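Colleague: I have the coordinates open beside the sequence, and I would like to go through them with you step by step. Could you take my questions in turn and end each reply on the value or name I ask for?

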Amino acid sequence: MITGLSQIETAVSAMKLGAFDYLSKPFDPDELKLAVGRAMERRRLLQENLTLKTEVSSRYRSRTSSARARRMQAVYRLIAQCAPTTAPCC
């Protein structure tokens, strides 16, 4: 978010509402470049995380269906329960 207001309350509110960064005018162009670079890296990491989760999920799902031993099926179920996360990557 870029704004002409340089108030802490506004920055906190914007971040709570999902703003990635908060820049107040006048800002240094290098500061903007850094903020955009961080945002792009975060987006790349989130996409990579989703891709890897999908890949891991499909691998364990196919192994679970082909596994015959009850103990191994229990291990795969436990892994599937532990794998999903909503934790931020950055």
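**Overall fold and selected contacts**

Modeller: As a starting point, the protein contains 3 helices and 2 strands, and this is a predicted model.

Colleague: Which pattern does the protein follow when it is read along the sequence?

Modeller: The elements to be placed in order are 3 helices and 2 strands. Read along the sequence, they give the pattern β-α-β-α-α.

Colleague: What percentage of the residues of the protein count as buried?

Modeller: The accessible surface of the protein comes to about 7,500 Å², and carbon and sulfur atoms hold 59% of that surface. A residue is taken as buried when its relative accessible area is under 20%. Of the 90 residues, the share that counts as buried is 10%.

Colleague: Among contacts with a separation of 6 or more, what percentage comes from residues 24 or more positions apart?

Modeller: A contact here requires heavy atoms within 4.5 Å. Among the contacts with a separation of 6 or more, the share from residues 24 or more positions apart is 16%.

Colleague: Which peptide bond is cis, with omega near -10°?

Modeller: Most peptide bonds are trans. The cis bond in question leads into Pro26, a residue found in the loop between strand S2 (23-24) and helix H2 (29-66). With omega near -10°, the cis bond is the one from Lys25 to Pro26.

Colleague: How many salt bridges does the count come to?

Modeller: One of the salt bridges pairs Arg38 with Asp21, another pairs Arg44 with Glu41, and Glu48 also forms one with Arg44. By the rule applied here, the count comes to 3.

Colleague: How many residues apart in sequence are the parts that the pair of Arg38 and Asp21 ties together?

Modeller: Arg38 and Asp21 form a salt bridge in which the closest N and O atoms are 2.4 Å apart. Because Arg38 belongs to helix H2 while Asp21 sits in the loop between helix H1 (8-16) and S2, the pair ties together parts whose separation in sequence is 17 residues.

Colleague: Is Asp21 buried or exposed, and at what relative accessibility?

Modeller: Its salt-bridge partner Arg38 counts as partly exposed, at 42% relative accessibility. For a residue to be buried, the relative accessible area has to be under 20%. Asp21 therefore counts as buried, with a relative accessibility of 19%.

Colleague: Leaving aside neighbours within four places in sequence, which residues are in contact with Asp21?

Modeller: The side chain of Asp21 makes a polar contact with the side chain of Arg38 at 2.4 Å. Asp21 and Met1 are 20 residues apart in sequence, while their C-alpha atoms are 6.0 Å apart in space. With neighbours within four places left aside, the residues in contact with Asp21 are Met1, Met15, Ala35 and Arg38.

Colleague: Which residues are joined into one network by salt bridges that share partners?

Modeller: Arg44 pairs with Glu41, the closest N and O atoms being 2.8 Å apart, and these two residues are 3 residues apart in helix H2, so about one helical turn separates them. Glu48 pairs with Arg44 at 3.1 Å between the closest N and O atoms, and both lie in helix H2, 4 residues apart, about one turn of the helix. Salt bridges that share partners thus join into one network the residues Glu41, Arg44 and Glu48.

Colleague: What is the relative accessibility of Arg44?

Modeller: Glu41 is partly exposed, with a relative accessible area of 36%, and Glu48 is partly exposed as well, at 37%. Arg44 likewise counts as partly exposed, its relative accessibility being 43%.

Colleague: Leaving aside neighbours within four places in sequence, which residues are in contact with Ala14?

Modeller: Ala14 lies in helix H1 and is buried, with a relative accessible area of 9%. Ala14 and Met1 are 13 residues apart in sequence, and their C-alpha atoms are 7.6 Å apart in space. Leaving aside neighbours within four places, the residues in contact with Ala14 are Met1, Ala19 and Tyr22.

Notes:
Residues are numbered from 1 along each chain as its sequence is written. This is a predicted model: local features need pLDDT of at least 70, side-chain atom pairs count only at pLDDT 80 or more; totals for chains, interfaces and linings use all residues. Side-chain values use heavy atoms; hydrogens and water are left out. Buried means under 20% relative accessible area, exposed over 50%, partly exposed in between (1.4 Å probe, protein chains only). Accessible areas come from the Shrake-Rupley method with a 1.4 Å probe; for residues, only the protein chains shown count as cover. A salt bridge is a side-chain nitrogen of Lys or Arg within 4 Å of a carboxyl oxygen of Asp or Glu. A polar contact is a pair of N or O atoms within 3.5 Å; within protein, one must be able to donate a hydrogen and the other to accept it, and residues adjacent in sequence count only if both atoms are side-chain atoms.
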